[in-house]
Structures are given as C-alpha cells and as structure tokens.
Amino acid sequence: MKLLKTAAVKLISILVVVSLLFVSSVTVVSGAKSDLDEAKDSYVSAKREYDKLKKKKASAEEQLEAAQTAYYSLVKQVDLLNREITGVQGQIDKLEKQIAQYQVKIDKQQALMDKGYHDFCVRLKSLYIAGSMSSLQVLLTCSDFSDYLTRLEMVTKIGEKDAATIKELEDLLHELQELQKQLDTDRAEQQAKKNELDARKAELEEKKAEAASSLSECESLIAQIKQAQADAQDEMNKALEEINKLQASGGITGSGQLCYPVPSCTSVSCGYYGYANHNGVDFANGPGLYGAPVVASDDGQVVGADMWEYSYGHHVTIDHGNGMKTIYCHMSNINVSVGQNVTKGQVIGGVGCTGNVVPRGMGGTHLHFGVIVNGSFVNPFSYL
C-alpha cells in the first residue's frame, strides 16, 4: 500500500511537470503566433494603406492632367491675345505716325494760307488808302474811257486771284483736317479695341495664375502621395522580412540576451578563437560534467539536430528569429528534433565528448558553444 502511494505521488509529480512544460510550450507558441500575427497585421495594414494611396494617387493624377489641360489652354489663349494686342498696337503706332505726318502738312498749309491772306490784306489796305486818287490818276493818264475800264478790270482781277488762292488753301486745309479727324477716330477705335484686349488678357492672366497654383498643388500632392507610398512600401518590406524571420524560426523571436548553455558550468577551457578556427567557447570542468543538461540559450526553433561521428559530433542548431543562431556541439545525447520550438532554459540534450574532441574519451567532455549573427560567428560572451 505504501509503495502504491509512493508510485501515485511520483506519477502525479510527473504529470504536474509535464503539464507545466506543456503550458510553458503553449504559452511560448501562443506568444510566437502573436508575434507572427502582429507582423502579418502590420503587413496587411501597410498594404491596405499602400492600396489606398495608389487610388488616391490615380485620382490626383487625373486632377493633375485636368489642371495641365486648363493651364496650357489658358497659356495658348494668352499667347493669341498677345499676338492680337501686338497687331492692334502696330495699327495704333501706324495711325499715330500718319497723324503726325498730316499734322505737319496742316501746319505748313496753315502757314501758307496765313501768309497769302496777310499779303492780300496788305494789298487791299493799300488800294483802300489810295482810294479815288488812284482811280483819278488812272482816268487822267488813260487816253480814253475804254482804256480806264481795262486798267480798272486788271486791278480787280488781281484781288480775285488772291481770293482764289486763299480759297484753295482753305479747301486743302479743311481736307487735311477732315483726314486727321478720321485718323483720330480710327486711332480711338483701335485704342478701345486694345483696351478691351488688355482687359481680357488681365482676366486670362488671373485665371492662368489660378490654374498654375492648382497645377502646383496637384504636383505637390502627388509628390506627398509618392513619399507616403514609399513609406508604406518600406513598412510592407519590413513586415514581410519580419514574417519571413518568424516563419523561419517557427514564429519565435528570441530576446537577444543569452543564458549560459550549461547551467551547472560556467568554466571555460578554451575561449573564442583560442586556437585557429575555434569559432566558439568550450565549457568544461572535468569528466564529471558528462551528461549534465544543456539548455537552449534563448527562445527559438530547432533547425538542426545532427549526430555526426566526426567534427561537431552530436550537435543542435537553434534559430532565434532575430538574425541570431546558436550551436551546441559534442553532446552525449539530443532531446529535441528539427522544427521543434524551444524556450530559453529548456533542456535540449546533455554534455558529452562525441565528434572531434581532445583528449579522446571522457577526458574530452565539454560543450562547444557557438553564436552566429547574420551569418557570421561572433564571440558568445558579447551576448551572455
């Protein structure tokens, strides 16, 4: 009865230990899945943001195309108006030149008319002053009355000729003034047309400035969206890289802070590169260490559990999912298998002397412990 009771207690103890190990394993796996799910969620979130930005960019590009069309249409209209304004200004300049030329002619004709009129007035005045005396002289010196009339007619014709000349000058002046008046009217019309074109141009220039502002805003928005897309792409790449790492390590990521692989021994018989090609640390304190538990230095997944009769002998490789791997060599036995998730401090085998050890046999009992970071061996004591 006592033996039965003792066996029952032992069985219960074993079940409790197994239960605790199972709970620990489930907790780790659950935690690992949570990390993996979190990485996947990050990727999905970044992908969703990227797709949203892609649609936003397409919409912005449509706006940009419309803004470019509007802007360049206004530029073309302004160019056409500029050419039209240049043509009208050319007409105005031409009319100004003609008006100036006719003004010179008018001034010249006015001067001639003023001179002719002045000369005529002087002669009339002289005749008036001479008065009847001149007529009497003409009468007395004439041979007969017929001769007097002939001479008097000549005097009269001289006055009529002056009057005709002045009339001719007056007609030409009037003609020139009318022409100048017409040119002034034409110039006013052309100036009014130019003023209208200038007003239209000012309106178009304002619209063009607004279109240029819209164009600039669209270009700036697209640049911001492209940058946001690049950021989202970086987030996707990072999340994808993390997913790959987690999946490669069974979804487990180690802390990066390692514990001693042989808890019962921290003595080092040969340090990192203690001799050529010795890319790890040997933990040993004599034959009594044989069979002592070897534990995983951090959370991870077993990616190698090989039993060689040479070199590393029986050894285990664990991927910790953070760019770090650890390797445990010359073990007496292996308690884990490839693909298995392990936790920090979990027993994975025992210290031994398998493979290439010196001295041969129990005297060579030790654990060769190596740390690989991003594909290269490093000094384990940098992480222990």
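The side chains of E49 and K52 meet in a salt bridge, with N and O 3.4 Å apart. This comes from a predicted model. E49 and K52 sit three residues apart in helix α1, so about one helical turn separates them. E49 is partly exposed at 33% relative accessibility, while K52 is exposed, with a relative accessible area of 52%.

The count of salt bridges in the model comes to nine. Three of them are listed here.

| Pair | Closest N and O atoms |
|---|---|
| E49 and K52 | 3.4 Å |
| K57 and E61 | 2.8 Å |
| E96 and R187 | 2.8 Å |

K57 and E61 also lie in helix α1, four residues apart, which again puts about one helical turn between them. Is K57 buried or exposed? K57 is buried, because its relative accessible area is 18% and the cut-off for buried is under 20%. Its partner E61 is partly exposed at 34% relative accessibility.

E96 forms a salt bridge with R187. This pair links distant parts of the chain: E96 belongs to helix α1 and R187 to helix α2 (residues 145-248), with their positions 91 residues apart. E96 is partly exposed at 35% relative accessibility, and R187 is partly exposed at 25%. Salt bridges with shared partners join E96, D184 and R187 into one network.

The surface also carries a patch of negative charge, where D35, D37, E38, D41 and E242 gather. Helix α1 (residues 2-141) supplies the largest share of this patch, four residues. E38 is a patch residue that lies in helix α1.

Key
Residues numbered from 1 in each chain as written. Predicted model: local features only at pLDDT ≥ 70, side-chain atom pairs only at ≥ 80, totals over all residues. Heavy atoms only, no water. Patch = residues over 30% accessible without salt bridge, like charges linked within 9 Å, V, L, I, M, F, W, Y side chains within 5 Å. Areas by Shrake-Rupley, 256 points an atom, 1.4 Å probe, with all protein chains shown as cover. Salt bridge = Lys/Arg side-chain N within 4 Å of Asp/Glu carboxyl O. Lys, Arg positive; Asp, Glu negative; His and termini not counted. Charge placed at Lys NZ, Arg CZ, Asp CG, Glu CD. Helix = DSSP H or I, 4+ residues; strand = E, 2+ residues; numbered from the N terminus. Buried < 20%, exposed > 50% of the residue type's maximum accessible area, 1.4 Å probe, protein only.
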